[in-house]
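Visitor: Could you walk me through this model, a few questions at a time?

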Amino acid sequence: RLRRAVESMMSSDRMLELPTAAVYLAEAEWRAGDEEAADSAADLALYGAHRQGANHVLLQALRDFPAVASRRIDAEPGADSPWHEIGRALIAQGVALEAAPRASVELVEFGRRAVIVNGEEARPRIAKTYELLAYLVTRPDCEADRDELLNVLFDGRIDDSTRAYLRQAVRWLRHVLPSDGAVVVEGGRVRVGDAVLVTSESTVLESRLTEAARLQGEERLASTLDALDVFDRGEYLPGSHLHWVDDRREHLVELATDARYEAAELAFAA
């Protein structure tokens, strides 16, 4: 019956009750053992909400079957998907989810320093917190040894004062990030936990230029220029003059210069 109802709504373009019927169908398909059909029905519910221009009806239906949202959140690799947004909206309404949506954290590095958490700017009181996060996102698994952090964040000065300063920077990073497990300190190592997905402008620049290099012709030119838009927002971590920041700044300038030269050649060829 739910399948026929949803098929009828889609064929006749009746969107008013589609989010509700599709959420119920997603739960029914899951209980019937068809996981693929359950996912498809859940995405139809999201489509219906998008067509309506509001999530009110969808959120009401998901309050009845929150597991539908949990399963879709669990299947999404990133924290900025529409299902993560729906999950955060449900949590704000007091609905418990088995799979909590990962928080989306963006580090702004070019032209200014800012930490954007789920679309809102968070302001740590210690400026060193920005440098701490900026360094961690460049490391494998967003993880670094405490002595390594002391060395790079204080230019090799390791004493009681810098150790205390690092503890404060870690504490404020925990404060601005939205989850208890967002920053993990264990075994003398500091890492960003699995509860958050952190992106930074510099790593986005690097990944976009790598992707552009796989393309050809006008597509490669457009992708390269799109990546350079990030770099052109201003200096990397302005106001910071640590040795590792200067080295990374120089690396990014070289990367952008090579990309700009490549773009010029592509534009000339076109």
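Guide: Short questions and answers on helices and rings follow; the model is predicted.

Visitor: What end-to-end reach does helix α2 have?
Guide: Helix α2 covers residues 18–31, which is 14 residues. At 1.5 Å a residue, the expected value is 20 Å. The reach from the first C-alpha to the last is close to that, at 20 Å.

Visitor: Is α2 mostly covered or mostly uncovered, and how many of its residues are buried?
Guide: Buried means under 20% relative accessible area. Residues of α2 that are buried include L18, V23, L25 and E29. Mostly covered is the verdict for α2, with the buried count at 10 of 14.

Visitor: Which helices do the buried residues of α2 pack against?
Guide: The buried residues of α2 include P19, A22 and A26. The partners of the buried set are α1 (2–11), α3 (35–52), α4 (56–64) and α5 (66–75).

Visitor: Which residue just after α2 takes a positive phi?
Guide: Helix α2 comprises residues 18–31. Just after α2, a phi of about 95 degrees appears, and the residue is G33.

Visitor: Why is the pair of Y24 and F65 given its class, and what is that class?
Guide: The structure holds 5 aromatic pairs. In the pair of Y24 and F65, the ring centres are 5.4 Å apart and the planes stand at 85 degrees. Planes over 60 degrees apart set the class, so the pair is edge-to-face.

Visitor: How many residues apart are Y24 and F65?
Guide: Y24 sits in helix α2, and F65 in the loop between α4 and α5. The pair links distant parts of the chain, with a separation of 41 residues.

Visitor: Are Y24 and F65 buried, partly exposed or exposed?
Guide: Buried needs under 20% and exposed over 50%. Y24 has 28% relative accessibility, and F65 has 24%. Both values fall in between, so Y24 and F65 are partly exposed.

Visitor: Which ring does K128 lie over?
Guide: K128 lies over a ring face, at 4.8 Å from the ring centre. That ring belongs to F154.

Visitor: How are α10 and α11 oriented to each other?
Guide: Helix α10 (residues 201–213) and helix α11 (residues 217–231) have axes 9 Å apart. Their angle is about 170 degrees. Angles over 145 degrees set the class, so α10 and α11 are roughly antiparallel.

Visitor: And how is α4 oriented to α6?
Guide: α4 and helix α6 (residues 82–92) pack with axes 11 Å apart, at about 70 degrees. The range 65 to 115 covers that angle, so α4 is, relative to α6, roughly perpendicular.

Methods. Residues numbered from 1 in each chain as written. Predicted model: local features only at pLDDT ≥ 70, side-chain atom pairs only at ≥ 80, totals over all residues. Heavy atoms only, no water. Helix = DSSP H or I, 4+ residues; strand = E, 2+ residues; numbered from the N terminus. Expected span 1.5 Å × (residues − 1). Buried < 20%, exposed > 50% of the residue type's maximum accessible area, 1.4 Å probe, protein only. Contact = heavy atoms within 4.5 Å. Phe/Tyr/Trp six-rings, centres within 6.5 Å; stacked < 30°, edge-to-face > 60°. Lys NZ or Arg CZ within 6 Å of the ring centre and 35° of its normal. Axes fitted to C-alpha atoms, helices over the stretch in contact; angles between N-to-C directions. Parallel < 35°, antiparallel > 145°, perpendicular 65-115°, else oblique.
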